[in-house]
Amino acid sequence: MKISKRFTDTLAQVQAGINELMNMAYMQESEYVTDKDLDTGAYKFYDSESEEFLRVLLDLLQVINYGYPPSTFELNINSCFLFDKLPEFDQQIELHYATVVGDEREAFESVYTNKLLPHCREKGFDLAECSTVYYLIGSGEGIRFDFMSNAERVINSGFSVDEVLELFKAEARGEPESFTKEAYAGYLVDPSLGNRVRVSVWALHRTPSLNKH
């Protein structure tokens, strides 16, 4: 492709957007970042927590922009599964994130049970208590149908036959879907993983109302 001013400006907007997301997700709470830094964007601060958020964000961007798996009902290329839900949430919704990498040849279920769930608890949240979870599942060896089926069984994502039929009916009538999911899965290929699996999550959790007595 040819480099143009539009290309350069768009790339700059992408970087500015990532910086702003890092602000809102983590850096605004850091003792090392002042209000002036946040206003001007003149800071460079990274530690293990912000690196983790950036890893999850990059996985999310790859998933929703890369339709690799042989299915049209995954988070891949279906950004509506994410963005159509976000406007429904208010200040009582918190975003949690985490990412873990399995050992060589470790099965997905083991990575989920023995690494992801404990890591989330260490970070102060429980996936079982989250209203919606987006699983970003990376493999260095490609994504096979049996791998997807097993992963979705473990995290209870995917769509049943009845849900798929309702989705088609709603689309034919020009109506919104009549069901919602609590868990969505998306897949990505990352050759650097080799024979390991990486599981990243964005989890939405509703906090107790401040006005509730």
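Analyst: Contact means heavy atoms within 4.5 Å. In the protein chain, 75% of the contacts with a separation of 6 or more are between residues 24 or more positions apart. This is a predicted model, where local features need pLDDT of at least 70, side-chain atom pairs count only at pLDDT 80 or more, and totals for chains, interfaces and linings use all residues. Residues are numbered from 1 along each chain as its sequence is written, and side-chain values use heavy atoms, leaving out hydrogens and water.

User: How many helices and strands does the protein chain have?

Analyst: The protein chain has seven helices and four strands. Both kinds are DSSP runs, numbered from the N terminus: H or I over at least four residues for a helix, E over at least two for a strand. Along the sequence the pattern reads α-α-α-α-β-α-β-α-α-β-β.

User: Why are α5 and α6 called roughly parallel?

Analyst: Take the angle. The axes of α5 (residues 108-122) and α6 (residues 145-155) cross at roughly 30 degrees and come within 9 Å. Axes are lines fitted to C-alpha atoms, for helices over the stretch in contact, and angles run from 0 to 180 degrees between N-to-C directions. Under 35 degrees counts as roughly parallel, over 145 as roughly antiparallel, 65 to 115 as roughly perpendicular, and the rest as oblique. The crossing angle is under 35 degrees, so α5 and α6 are roughly parallel to each other.

User: Which hand does the crossing of α5 and α6 have?

Analyst: The crossing is right-handed. That term applies if the near helix is turned clockwise from the far one by less than a right angle; anticlockwise would make the crossing left-handed.

User: Which residues make the contact between α5 and α6?

Analyst: On α5 they are F108, E109 and Y112. On α6 they are F147, N150, A151, R153, V154 and I155.

User: How many residues of each class are in that contact of α5 with α6?

Analyst: Six are nonpolar, one is polar and two are charged. Ala, Val, Leu, Ile, Met, Phe, Trp, Tyr, Cys and Pro count as nonpolar; Asp, Glu, Lys and Arg count as charged; the others, Gly among them, are polar. E109 and R153 are therefore charged, and N150 is polar.

User: Why is S200 called buried?

Analyst: Its relative accessible area is 0%. Buried means under 20%, exposed over 50%, and partly exposed in between (1.4 Å probe, protein chains only). S200 falls under the buried cut-off, so the name fits. S200 lies in strand β4 (residues 197-206). Across the 213 residues of the protein chain, buried residues make up 41%.

User: What makes the link between the side chains of S200 and D59 a polar contact?

Analyst: The distance is 2.7 Å. A polar contact is a pair of N or O atoms within 3.5 Å; within protein, one must be able to donate a hydrogen and the other to accept it, and residues adjacent in sequence count only if both atoms are side-chain atoms. The S200 and D59 pair is inside that limit. Leaving aside neighbours within four places in sequence, S200 is in contact with V56, D59, A98, T99, Y134, Y135 and L136.

User: Which side chain is joined to H119 by a polar contact?

Analyst: The side chain of E52, at 2.7 Å. H119 is found in helix α5. Not counting residues up to four places away, H119 touches E52, A98, T99 and V100.

User: How do you know that V201 is buried?

Analyst: V201 has 0% relative accessibility, so V201 counts as buried. V201 is found in strand β4. Beyond four places in sequence, its contacts include V56, H96, L116 and Y134. The C-alpha atoms of V201 and L60 are 8.8 Å apart, though 141 residues separate them along the chain.

User: Why is A107 called partly exposed?

Analyst: A107 has 45% relative accessibility, which lies between the two cut-offs, so A107 is partly exposed. A107 is in the loop between β1 (93-101) and α5.

User: What makes E49 partly exposed?

Analyst: The relative accessible area of E49 is 25%, again between the cut-offs. E49 lies in helix α3.

User: What is the phi of I77?

Analyst: Phi of I77 is near 60 degrees, a positive value in a residue other than glycine. I77 sits in the loop between α3 (48-65) and α4 (80-83). Its relative accessible area is 52%, over the exposed cut-off, so I77 is exposed.

User: How do you know that R105 is exposed?

Analyst: R105 has 59% relative accessibility, so R105 counts as exposed. R105 is in the loop between β1 and α5. Its phi is positive, about 65 degrees, although R105 is not a glycine.
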